[in-house]
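Biologist: I am new to this structure and would like a close look at a single part of it, followed by a walk outwards from there. Please take your time and connect each point to the next.

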Amino acid sequence: MSSALQTERWPELPYAAWRSTYETLHLWTQIVGKIRLIREPWLNHSWQVALYVTARGLTTSPMPAGARAFQIDFDFIDHVLWIRTSDDHLRQVMLAPKPVAEFYGEVMEALIELGLGTPIDTLPCEIPDGIVFDRDNVHTAYDPLYANRFWRILLSTQAVFSRFRTGFLGKVSPVHFFWGGFDLAMTRFSGRRAPLHPGGIPRLSDTVTREAYSHEVSSAGFWPGGGVIDYPAFYSYAYPGPEGFSAASVQPREAFFSQDFGEFLLPYDAVRMALDPDATLLAFLQSTYEAAADLGKWDREALECALGTPCRPRTV
């Protein structure tokens with residue numbers, strides 16, 4: 001891969017430089033995500049709430065609305081939020097520097113104009129001391145350069161995650177963007193029940209958390225950072241964490257186990273600057289999964305297969 005193409009696929013994303021945009025965009029995705037939460041029937045592990053990466057940004061995918069359907073898309077190329085209906089109507093909200101309260105009002109008004117009024121809980125999820133959307137005039141930043149870079153990282157990450165996903169015969173999640181934590185994630189399941197999760201995630205019902213972790217998992221994702229981790233990073237964890245997991249040897253050498261988060265972390269820059277970023281990320285996914293599966297005594301022979309190849313059915 002040429003250095004120019006690699007930079008395009010894995011651009012620099014300095015936490016301090018885009019933090020204010022990140023915080024605003026996080027809240028904007030929560031507004032859109034909560035619309036999907038109201039509109040969709042509950043699916044195992046809260047999968048019905050997630051957004052999905054597209055060739056231009058993020059989407060809700062089609063949501064039911066009586067005899068119609070509608071879809072909300074973040075476009076990080078033209079920097080527009082599109083609301084489109086199945087009966088050929090649309091509205092747009094520009095993605096530009098503006099308060100969260102203004103964005104919220106524009107989205108709600110557009111839905112009403114389309115006959116799709118959807119009242120939502122206006123207090124942010126998973127954010128301690130969050131400000132209700134319709135009163136939030138604090139978060140106003142939007143830098144289109146960094147929003148676009150973030151989306152391109154999601155796009156490249158999804159490609160690697162999707163390939164990794166093909167090597168598993170058991171239950172495995174789609175590649176989801178969860179707006180609560182603002183992370184892109186994919187999860188493999190052992191097939192066994194897990195102990196009751198203790199809960200305790202800020203502004204997230206323990207009932208939701210416990211259903212999400214009802215079964216044993218090995219989960220990995222990409223997160224822009226926050227708190228003591230002031231840089232973007234890939235992560236991988238197991239629930240329940242098997243004995244010895246934190247001391248497991250994983251790849252690449254830049255990966256480490258964070259006691260603060262209880263999971264393995266790989267700084268994004270270690271992937272971005274690698275000679276082969278895709279292979280480096282794949283090594284992290286595979287080695288941390290193997291640590292979870294081996295120490296957790298998963299039935300790997302029954303659950304795994306070779307990575308998929310285009311146009312070639314799996315041999316049985």
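Modeller: A good place to start is a salt bridge between Arg-300 and Asp-294, whose closest N and O atoms are 2.9 Å apart; please keep in mind throughout that this is a predicted model. Arg-300 counts as partly exposed, at 21% relative accessibility, and Asp-294 is likewise classed as partly exposed, at 44%. The pair does not stand alone, since Glu-290, Asp-294, Arg-300 and Glu-304 are linked in a network of salt bridges.

Between Asp-294 and Arg-300 in the numbering comes Lys-297, which lies in the loop between α7 and α8 (300-303). The backbone of Lys-297 deserves a look, for its phi is near 55 degrees, a positive value in a residue other than glycine. With a relative accessibility of 67%, Lys-297 counts as exposed, because the limit for that class is over 50%. A second residue with such a backbone is Arg-203, which is not a glycine and yet has a positive phi of about 55 degrees. Arg-203 sits in the loop between β8 and α5 (206-212), and it is partly exposed, with a relative accessible area of 36%.

The helix α7 (277-295) also leads to the cavity, because it is one of the elements, together with β8 (183-193) and β9 (215-223), that each supply at least two residues of the lining of the largest cavity. A search of the whole structure finds one cavity of 30 Å³ or more, and the volume of the largest cavity is about 50 Å³. Its lining consists of Phe-164, Met-186, Arg-188, Ser-218, Ser-219, Ala-220, Ser-236, Leu-285, Thr-288 and Tyr-289.

From here we can turn to Thr-157, which is found in helix α4 (residues 144-165). Thr-157 counts as buried, with a relative accessibility of 0%. Its side chain reaches the backbone oxygen of Ile-153 at 2.8 Å, and, leaving aside residues up to four places away in sequence, Thr-157 touches Trp-10, Leu-184, Phe-222 and Phe-234.

Another residue to find on the model is Glu-8, in helix α1 (residues 3-9). Glu-8 is partly exposed, with a relative accessible area of 46%. The C-alpha atoms of Glu-8 and Arg-149 are separated by 8.5 Å, although these residues are 141 residues apart along the chain.

Returning to salt bridges, the count for the structure comes to 18, and two further examples can be set beside the one we began with. Arg-56 forms a salt bridge with Asp-78, with 2.9 Å between the closest N and O atoms. This pair links distant parts of the chain, with Arg-56 in the loop between β1 (52-53) and β2 (57-59) and Asp-78 in the loop between β4 (68-75) and β5 (80-85), 22 residues apart. Arg-56 is partly exposed, with a relative accessible area of 34%, and Asp-78 also counts as partly exposed, at 49% relative accessibility. In the other example, Glu-106 pairs with Lys-98, and the closest N and O atoms of that salt bridge are 2.7 Å apart. Here Glu-106 is partly exposed, with a relative accessible area of 27%, whereas Lys-98 counts as buried, at 7% relative accessibility.

The backbone offers another point to follow, namely the cis peptide bonds before two prolines. The peptide bond from Tyr-239 to Pro-240 is cis, with omega near -5 degrees, and Pro-240 lies in the loop between β10 (233-239) and β11 (256-258). A cis peptide bond also joins Gln-251 and Pro-252, where omega is about -10 degrees, and Pro-252 too is placed in the loop between β10 and β11.

Finally, there is the matter of the cysteines, and here a search of the whole structure finds zero disulfides. The sulfur of Cys-305 has its closest cysteine sulfur in Cys-311, 17 Å away, and so it is too far for a bond, given that a disulfide needs two cysteine sulfur atoms within 2.5 Å. Seen from the other side, the sulfur of Cys-311 has its closest cysteine sulfur in Cys-305, again at 17 Å and too far for a bond. Cys-305 is partly exposed, with a relative accessible area of 23%, while Cys-311 counts as exposed, at 84% relative accessibility.

Methods. Residues numbered from 1 in each chain as written. Predicted model: local features only at pLDDT ≥ 70, side-chain atom pairs only at ≥ 80, totals over all residues. Heavy atoms only, no water. Buried < 20%, exposed > 50% of the residue type's maximum accessible area, 1.4 Å probe, protein only. Salt bridge = Lys/Arg side-chain N within 4 Å of Asp/Glu carboxyl O. Helix = DSSP H or I, 4+ residues; strand = E, 2+ residues; numbered from the N terminus. Polar contact = N/O pair within 3.5 Å; in protein donor to acceptor, adjacent residues only side chain to side chain. Contact = heavy atoms within 4.5 Å. 1 Å grid on protein atoms, 1.4 Å probe; cavity = no way out; pocket = protein on both sides within 12 Å on 5 of 7 lines; lining within 4 Å. Points joined across faces, edges and corners; volume = space filled by probe spheres on them.
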